Amino acid sequence: MLILIQRVSQAAVHVDEVAVGQIGPGLLALVGMEPGDSEAQLRRMAERLLGYRVFADEAGKMNRSLRDTGGGLLLVSQFTLAADTRSGMRPSFTTAAPPDEAERGFNRFVEICRENHAPGVETGRFGAHMVVSLVNDGPVTFLLRP
């Protein structure tokens, strides 16, 4: 499992020109599922995502987490994040979880995040062609790995 997080002042996901998920200040998380991602990994990554300190404190240092700020969380499934790009000029997706496994894992990850982040968790639509818009605040972007 890989999660690319971006601190945003706002973000939205549209499918067929209809907003299916949107947040104000918070985190946009692009989630790539890999084969064999376990319940323990999903829980650990949710804990890291919600607790990762990327928001400024009163001194301007990144010491506050999404939990601390109560900001929004927009989760978007993105299988291309798990692509193997080590060779050639075209990505291979053999390192990404198969669609059925990825959907189950992503949906479970969303549930875990919703259980642990009451202020709100929005999502895109799994398997759909999504248009993601965001205003990256900083810019601040991190890749979380298990």
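**Nonpolar cores, strand E1 and helix H1**

In this predicted model, the largest nonpolar core holds 27 residues, and Ile3, Val31, Leu49, Leu73, Leu75 and Phe109 are those that touch the most other members. Two or more residues of this core are given by each of E1, E3, helix H1 (39-51), strand E6 (72-77), helix H3 (99-116) and E8. Helix H3 supplies the largest share, six residues. A second core, separate from this one, has ten residues, among them Val8, Val15, Leu74 and Met130. In soluble globular proteins, nonpolar side chains tend to be buried together.

The contacts of one core residue, Phe109, were examined individually. When residues up to four places away in sequence are not counted, Phe109 touches Met1, Ile3, Val31, Leu42, Met45, Ala46, Leu49 and Leu75.

Strand E1 was considered next. This strand spans residues 2-15, and ten of its 14 residues are buried, so E1 is largely enclosed by the rest of the structure. Strand E1 pairs with strand E8 (residues 131-144) through ten bridges, and the two run antiparallel. Within this pairing, Ala12 has Ser133 of E8 as its bridge partner. An antiparallel arrangement also joins E1 to strand E3 (residues 26-32), here through seven bridges; Gln6 is partnered by Leu28 of E3. Strand E2 (residues 18-23) is likewise antiparallel to E1, with five bridges between them, and Val15 is bridged to Val18 of E2. Strands E1 and E2 form a hairpin in which two residues lie between the strands. In the turn of this hairpin, Asp16 has a positive phi of about 50°. In a regular strand, the side chains alternate between the two faces of the sheet.

Helix H1 contributes to the largest core. The helix has 13 residues, and the distance from its first C-alpha to its last is 18 Å, close to the 18 Å expected at 1.5 Å a residue. The buried residues of H1 are Leu42, Met45, Ala46, Leu49 and Leu50. Viewed down the helix axis, these buried residues fall within an arc of 125°, so they line one face of H1. An α-helix has 3.6 residues a turn, so residues three or four places apart point the same way. The elements covering the buried residues of H1 include E1, E3, helix H2 (66-69), E6, H3 and E8. Of these buried residues, Leu42, Met45, Ala46 and Leu49 are among those touched by Phe109.

Terms used
Residues numbered from 1 in each chain as written. Predicted model: local features only at pLDDT ≥ 70, side-chain atom pairs only at ≥ 80, totals over all residues. Heavy atoms only, no water. Buried < 20%, exposed > 50% of the residue type's maximum accessible area, 1.4 Å probe, protein only. Helix = DSSP H or I, 4+ residues; strand = E, 2+ residues; numbered from the N terminus. Pairing = 2+ DSSP bridges. Core = buried A, V, L, I, M, F, W, Y, C linked by side-chain atoms within 4.5 Å. Contact = heavy atoms within 4.5 Å. Expected span 1.5 Å × (residues − 1). Arc of directions from axis to C-beta.
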